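Here is a quick tour of a protein model, for someone who likes to check the details in a viewer. Have a look at the sequence and the coordinates before reading on.

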Amino acid sequence: MTRFLIFMLLTANSVAAAEWPTKSGDVPLTSQELDALEGRTLTFYDDGQSKYSAGGAYSYTYSSGDSAFGTYSIAEDGSVCIAFRNGASRCDLYVHSGERLILIDEKGDRYPVRPE
């Protein structure tokens, strides 16, 4: 890999990490907390559920009962990236905001997670 390409990749990752629209007091999850997502189901206030399964499998179940399936991975900037079976993809950043766990999507929308 050329030095220029390595520089471009490192720069792109740095820019992506800096662009998350966090608020004062937001604390991104640690690598240990991100690893602990495996096997967990997070429920949002609209009754949607994100399930992070062993081996990187992912599903999102809407309140209607419909589901979307894919795989997830943890990016270098600490975001959780989903590749859906239908070809769509996205990355989200989980942060602690006070006592709450919040998902921030790429557009900057914030979705609080219900306490377990």
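What follows walks through the cross-links, rings, charged pairs and one glycine.

A word on ground rules. This is a predicted model, where local features need pLDDT of at least 70, side-chain atom pairs count only at pLDDT 80 or more, and totals for chains, interfaces and linings use all residues. Residues are numbered from 1 along each chain as its sequence is written, and side-chain values use heavy atoms, with hydrogens and water left out.

**The disulfide**

Let's start with the sulfurs. The structure holds 1 disulfide, the term being used for a pair of cysteine sulfur atoms within 2.5 Å. The partners are C81 and C91, with an S to S distance of 2.0 Å. Looking about the S-S bond, you get 105 degrees, and the link of C81 and C91 is right-handed. C81 sits in strand β6 (residues 80–84) and C91 in strand β7 (residues 89–97), so the bond ties together parts that are 10 residues apart in sequence. Strands here are DSSP runs (E, at least two residues), numbered from the N terminus. Both C81 and C91 are buried; that word means under 20% relative accessible area, while exposed means over 50% and partly exposed is in between (1.4 Å probe, protein chains only).

**The aromatic rings**

Now for the rings. A pair of aromatic rings is described by the distance of the centres and the angle of the planes. The rule takes rings of Phe, Tyr and Trp (its six-membered ring) with centres within 6.5 Å; planes under 30 degrees apart are stacked, over 60 edge-to-face, and the rest tilted. On that basis the structure holds 5 aromatic pairs.

One of them is Y52 with Y72: the ring centres are 5.0 Å apart and the planes stand at 85 degrees, so this pair is edge-to-face. Y52 belongs to strand β3 (residues 49–52) and Y72 to strand β5, so the pair ties together parts that are 20 residues apart in sequence. Y52 and Y72 are both buried.

Y58 and F84 make another pair, with ring centres 6.0 Å apart and planes at 75 degrees, so edge-to-face again fits the rule. This pair links distant parts of the chain, since Y58 is in strand β4 (residues 57–61) and F84 in strand β6, 26 residues apart. Y58 is buried at 2% relative accessibility, and F84 is buried too, at 16%. Put together, Y52, Y58, Y72, F84 and Y94 form one aromatic cluster.

**A glycine beside the rings**

Which residues does G70 touch, once its neighbours within four places in sequence are set aside? The list is G56, A57, Y58, A83, F84 and R85, contact meaning heavy atoms within 4.5 Å. G70 itself is in strand β5 (residues 67–74) and is buried, with a relative accessible area of 13%. Its C-alpha atom is 8.3 Å from that of N86, a residue 16 places away along the chain.

**Charged pairs**

Side chains of opposite charge can pair when their charged atoms come close. The count comes to 5 salt bridges, each being a side-chain nitrogen of Lys or Arg within 4 Å of a carboxyl oxygen of Asp or Glu. Among them are these:

| Basic residue | Acidic residue | N to O distance |
|---|---|---|
| R110 | D26 | 2.9 Å |
| R114 | D47 | 2.8 Å |
| K107 | D109 | 3.9 Å |

The R110 and D26 pair links distant parts of the chain: R110 is in strand β9 (residues 110–113) and D26 in strand β1 (residues 26–28), 84 residues apart. R110 is partly exposed at 24% relative accessibility, whereas D26 is buried at 12%.

With R114 and D47, the salt bridge involves the segment after β9 for R114 and the loop between β2 and β3 for D47, so the pair ties together parts that are 67 residues apart in sequence. R114 is partly exposed, with a relative accessible area of 31%, and D47 is partly exposed at 41%. D47 also has a backbone quirk: a positive phi of about 75 degrees, although D47 is not a glycine.

As for the K107 and D109 pair, K107 is exposed, with a relative accessible area of 70%, while D109 is partly exposed at 32%.

Technical notes
Helix = DSSP H or I, 4+ residues; strand = E, 2+ residues; numbered from the N terminus.
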